[in-house]
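Let's take a walk through this model together, one neighbourhood at a time. Have the viewer open and follow along.

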Amino acid sequence: MSNIRELIRQLEEERILTKEEFVDLLGNLTAEDEIVLKERANLTSRRYFDNKVYTRGLIEFTNYCKNDCYYCGIRRSNRAVERYKLTMENILDCCREGHKLGFRTFVLQGGEDGRISDDEIITIIHKIKEEFPDCALTLSIGEKSYDSYLSYYKAGCDRYLLRHETANEEHYRKLHPDNLSLENRKQCLRNLKEIGYQVGAGFMVGSPYQTLEHIAEDLLFLKDLSPHMVGIGPFIPHHETPFANQAKGTLEQTLILISVIRLMLPNVLLPATTALGTIHPNGREMGILAGANVVMPNLSPTNVRKKYELYDNKICTGDEAAECRFCLERRMKKIGYELAVDRGDFQPI
């Protein structure tokens, strides 16, 4: 047995490798090794989730952002963005449509819109939970204070997504302006876990200046944090950012890392992201077969979807919510999976 196959076996059995072993694994996989890795990850996913794929209805409710991250299409300095913010009734209409289509988790995602108060977020949470008590609610609105996170949780928010983007300080500095801090990002994730949220972290694959050592540090950070959800997707440049001419992250490396994360965190909720579907027509299916078990169709009104452009050529910006849902259902059936009408909560081992 090759050293790499031994590392795959070790990862599956022990659920962890050292930094050096992760670098060795990621840097020396042959095509045959990749097949073995993905097969083991797929079997692990099936063991915990059978052929169920959980859906999350994504509502991109504001594209205002006070931050200026170098990779993001809605960064503050991008003057070409047409900014918008959905009304309370817009948001509820998205939820109503989604509920009829079988969604039992809604994800409210936005830029870090400094004009939205905690009271407004709490009102949104209350309204959604009152009308849809059988549904889980996830927020993804960036870095907030401990007290803000606590107030959202007490109002009824169940989950929070906050990608750490990179766990390496030097790499973080190359992706973000000086006013943002990796330590604060990590502390936010620790605060969310302490409060009691189901927490999601994650990183970009193939972001500018990223090395295998950086990715190994990301994996070790995820293992230490032990989040309930992990969102990873390929870096895709946006034409109105400093990284406009940087190379994309690859499908191959993203799929490998989905498989690695599945073996490391066997019961984690792991999306096949829209970005995967953007870089390859069958990217989301390939993600599911590599160990992912979540998809996130877009419930946002079609007239704002192109305005929430984090990266270029994002798919499904013109599709109605029902089209997205039924298209994904057909796609999943073709590979032997079915969309679950279910909140899809994290289940401890």
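Keep in mind that this is a predicted model. A good place to start is where two helices meet: Ile4, Arg5, Ile8 and Glu12 in helix α1 make contact with Glu32, Asp33, Val36, Leu37, Arg40, Thr44 and Arg47 in helix α3. Helix α1 covers residues 3-14, and its axis lies 10 Å from that of α3, at an angle of about 15°. Angles under 35 degrees count as roughly parallel, and therefore α1 and α3 are described as roughly parallel to each other. The crossing of α1 past α3 is right-handed.

Stay with α3 for a moment, which spans residues 31-49 and includes Asn42. Is Asn42 buried or exposed? Its relative accessibility is 16%, and because buried means under 20%, Asn42 counts as buried. Leaving aside residues up to four places away in sequence, Asn42 touches Ile288, Leu289 and Tyr337.

Now move along the chain to strand β2, residues 57-62. Six of its six residues are buried, so β2 is largely enclosed by the rest of the structure. From β2 the chain crosses through helix α4 (residues 88-100) to β3, and this β-α-β crossover is right-handed. Strand β3 takes in residues 105-110 and pairs with β2 in the parallel sense, over five bridges. To find this pairing in your viewer, look for Thr62, which stands opposite Gly110 in β3. As you look at strands, it helps to remember that in a regular strand the side chains alternate between the two faces of the sheet.

Key
Residues numbered from 1 in each chain as written. Predicted model: local features only at pLDDT ≥ 70, side-chain atom pairs only at ≥ 80, totals over all residues. Heavy atoms only, no water. Helix = DSSP H or I, 4+ residues; strand = E, 2+ residues; numbered from the N terminus. Buried < 20%, exposed > 50% of the residue type's maximum accessible area, 1.4 Å probe, protein only. Contact = heavy atoms within 4.5 Å. Pairing = 2+ DSSP bridges. Right-handed = clockwise from strand over helix to strand, strands pointing away. Axes fitted to C-alpha atoms, helices over the stretch in contact; angles between N-to-C directions. Parallel < 35°, antiparallel > 145°, perpendicular 65-115°, else oblique. Left-handed = near helix turned anticlockwise from the far one by under 90°.
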